[in-house]
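Please work through the exercises below with the sequence and the model at hand. Each task is followed by a solution in steps.

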Amino acid sequence: TKCVHLPPEVTATSRHYVDRLFDPDPQKVLQGVIDMKNAVIGNNKQKANLIVLGAVPRLLYLLQQGSSSSELRAECAVVLGSLAMGTENNIKSLVDCHIIPALLQGLLCPDLIFIEACLRCLRTVFISPVTPVQLLYTTPEHQTVLFNHGAIQNIAPLLISPSYKVRMQALKCFSVLAYENTQVSMTLVNVLVDEELLSQVFVRMMQRDQPIDMQLTAAKCLTYMCRAGAIRTDDSCIVLKTLPCLVRMCSKERLLEERVEGAETLAYLMEPDVELQRIASVTDHLVAMLADYFKYPSSVSAITDIKRLDHDLKHAHELRQAAFKLYASLGSNDEDIRKKITETENMMDRIVSGLSESSVKVRLAAVRCLHSLSRSVQQLRTSFHDHAVWKPLMKLLQNAPDEVLVMASSTLCNLLLEFSPSKEPILESGVIELLCSLTQSDSPALRVNGIWALMNMAFQADQKVKGEIVRALGTEQLFRLLSDPDSNVLMKTLGLLRNLLSTRPHIDQVMSSHGKQIMQAVTLILEGEHSIEVKEQTLCILANIADGNTAKELIMTNDDILQKIKYYMAHSNVKLQLAATFCISNLIWNEEDGSQERQDKLRELGFVDILHKLTQASDPNLCDRAKTAMQQYLA
């Protein structure tokens with residue numbers, strides 16, 4: 001046992017309270033608990049002493065004993081609730097003593113006064129940030145448990161209760177139940193409350209004359225039902241009611257937390273739907289309204305309230321995060337909306353400073369916003385270039401959490417496209433090493449982005465850049481990626497290889513140093529269980545190799561590969577037939593040294609017969625390509 005030294009003046013009285021909990025006379029125990037209740041109210045020191053002296057396990061024991069009177073059990077729950085009202089340390093001690101299962105068990109008791117005391121105590125415990133929330137209903141399994149126990153039928157009538165507080169709690173309950181849950185959402189659509197459809201009850205609750213809290217929570221319910229597929233995105237209750245209600249929440253008349261929740265919910269609502277994005281972008285000057293999120297953390301109505309102003313300054317970063325999220329959602333598909341966003345005053349500067357904020361949530365939201373805008377060729381050529389966005393982006397990639405890395409590296413992929421003026425300066429910034437290190441990540445998403453960005457970088461690049469990529473990545477890692485279990489990684493690695501092997505001098509140079517390994521990798525992939533896309537990409541790489549001057553010989557002297565090309569020329573899939581025929585075309589092309597010997601060898605191997613068959617193919621492209629190849633023999 002731990003030796004705990006308490007200040008002498010409180011020990012005696014505190015110990016006296018705890019001792020009375022062990023009295024053999026139940027009446028004295030009850031009186032002791034009541035006295036303890038009166039002693040701890042508002043007295044944090046007394047609460048701490050009683051916890052140290054072991055009051056909690058004893059109170060929980062009494063609370064769970066079937067032989068305890070219902071009055072005693074209720075009083076124990078009240079004292080525990082009072083102890084929970086103290087410091088975070090108190091809550092930790094209570095949770096460590098397994099208070100939560102004991103209280104949840106208490107909810108099964110028939111006595112209402114006791115149930116209420118347990119619920120109050122649970123609420124206090126769960127409101128605290130130190131309590132692990134996963135202990136309660138927050139996951140899909142828990143939503144289902146509540147659903148199966150009739151939560152919907154029992155809570156629905158409370159939406160028309162005369163008490164505003166009850167209506168609000170019922171509404172909040174539905175928003176938690178429906179979130180990302182198709183089963184719950186599909187059921188809610190058909191629920192009737194007093195002969196009226198639930199969605200219509202929610203629509204009524206969003207009217208402008210209702211309290212803001214209610215409007216916002218009802219909008220969340222409909223948003224979640226829509227995202228779970230239970231309400232169509234073009235339904236009037238979404239387009240004409242929910243969306244405008246959420247846009248209203250973004251106005252600078254509203255309080256900070258209302259603006260945050262409004263913007264985040266709206267971003268979520270329209271994320272997958274370009275039509276809703278277009279509608280929102282022309283509702284109430286939303287794009288300009290969001291610019292105020294950066295300028296005015298406090299609502300217009302709060303200007304006179306000093307406490308409020310202080311609170312809003314401390315939480316201003318939440319507004320910036322919400323605005324970035326909403327801009328990202330708005331601009332994820334439509335070119336005109338992106339243009340509107342980047343032309344909003346100082347927008348690019350705001351995003352750039354958002355990338356280096358101390359709050360990781362703001363950094364993530366800013367980079368999401370940047371990623372959304374980087375999908376526009378127009379923006380990559382103009383505002384991205386003017387603001388040298390790549391600099392803070394590179395800095396962000398140095399040591400960020402995975403979520404941020406995935407978004408930042410996706411954005412970098414777009415910045416490295418061939419038409420982006422940012423490509424040159426980025427190359428000089430050590431980006432290649434950084435991307436090569438991403439390809440070694442445990443996260444498939446990061447491996448994909450690393451190799452994808454290298455693929456974009458190698459596209460139409462000069463030999464120097466290509467050489468640097470091969471050197472930095474190292475052949476070992478390149479071949480490891482060619483056998484990656486993730487098919488996206490494999491596809492992008494093949495794309496990189498294809499880009500490295502473009503233009504003749506490059507093909508010959510790469511193949512003279514790495515030919516043996518590349519041919520080995522190609523063979524393995526063509527033999528393996530891979531998708532049509534992967535095999536097509538691999539055959540295209542072979543066609544590039546067949547186009548080199550000296551590289552050709554690596555195919556011509558490899559009978560195994562020639563047999564595989566032949567096999568794919570007769571394959572049932574046209575894409576693979578086309579790619580394989582292209583390889584042969586390149587090998588027998590007339591104007592090149594040694595073409596006669598190659599033609600003869602391939603004729604002996606039966607390729608001419610296959611080409612002849614393919615000139616009768618039903619696919620016009622394949623037929624043309626076979627005819628072009630046959631002409632090489634006739635010339």
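The exercises that follow treat cysteines, aromatic rings, a buried lysine and salt bridges.

The structure is a predicted model, in which local features need pLDDT of at least 70 and side-chain atom pairs count only at pLDDT 80 or more, while totals for chains, interfaces and linings use all residues. Residues are numbered from 1 along each chain as its sequence is written, and side-chain values use heavy atoms, with hydrogens and water left out.

**Exercise 1. Cysteines**

Determine how many disulfides the model contains, and explain the result for Cys245.

Step 1. A disulfide is a covalent bond between the sulfur atoms of two cysteines. The criterion applied here is a pair of cysteine sulfur atoms within 2.5 Å.

Step 2. The cysteine sulfur closest to that of Cys245 belongs to Cys250, and because the distance is 9.9 Å, it is too far for a bond. For Cys369 the closest cysteine sulfur is likewise in Cys250, at 14 Å, which is too far for a bond.

Step 3. The count is therefore zero disulfides under the 2.5 Å criterion. Cys245 is buried, with a relative accessible area of 1%, and Cys369 is buried with a value of 1%. Buried denotes under 20% relative accessible area, exposed over 50%, and partly exposed in between (1.4 Å probe, protein chains only).

**Exercise 2. Aromatic rings**

Classify the pair formed by Phe174 and Phe202, and locate both residues in the chain.

Step 1. Rings of Phe, Tyr and Trp (its six-membered ring) pair if their centres lie within 6.5 Å; planes under 30 degrees apart are stacked, over 60 edge-to-face, and the rest tilted. The model has six aromatic pairs.

Step 2. With 6.3 Å between centres and 65° between planes, Phe174 and Phe202 are edge-to-face. This pair links distant parts of the chain, 28 residues apart: Phe174 lies in helix 11 (residues 164-178) and Phe202 in helix 13 (residues 198-205). Helices are DSSP runs (H or I, at least four residues) numbered from the N terminus.

Step 3. Both Phe174 and Phe202 are buried. Tyr567 and Tyr568 also form an edge-to-face pair, at 4.9 Å and 75°.

**Exercise 3. A buried lysine**

Which side chain of opposite charge is nearest to Lys535, and which polar contacts does Lys535 make?

Step 1. Lys535 belongs to helix 35 (residues 532-546) and is buried without a salt bridge. A salt bridge requires a side-chain nitrogen of Lys or Arg within 4 Å of a carboxyl oxygen of Asp or Glu.

Step 2. The nearest side chain of opposite charge is Glu529, 6.7 Å away; Lys and Arg count as positive and Asp and Glu as negative, with His and the chain ends not counted.

Step 3. The side chain of Lys535 has a polar atom 3.3 Å from the backbone oxygen of Leu526. A polar contact of 3.1 Å joins Lys535 to the side chain of Tyr568, a residue that is buried at 3% relative accessible area. Polar contacts are pairs of N or O atoms within 3.5 Å; within protein, one must be able to donate a hydrogen and the other to accept it, and residues adjacent in sequence count only if both atoms are side-chain atoms.

**Exercise 4. Salt bridges**

Describe the salt bridges of Asp292 and of Arg320.

Step 1. The model holds 31 salt bridges. Asp292 pairs with Lys295, with closest N and O atoms 3.7 Å apart. The two residues are about one helical turn apart, because they are three residues apart in helix 18 (residues 286-295).

Step 2. Lys252, Asp292, Lys295 and Glu345 are linked in a network of salt bridges.

Step 3. Arg320 bridges to Glu357, with closest N and O atoms 2.6 Å apart. This pair links distant parts of the chain, 37 residues apart.
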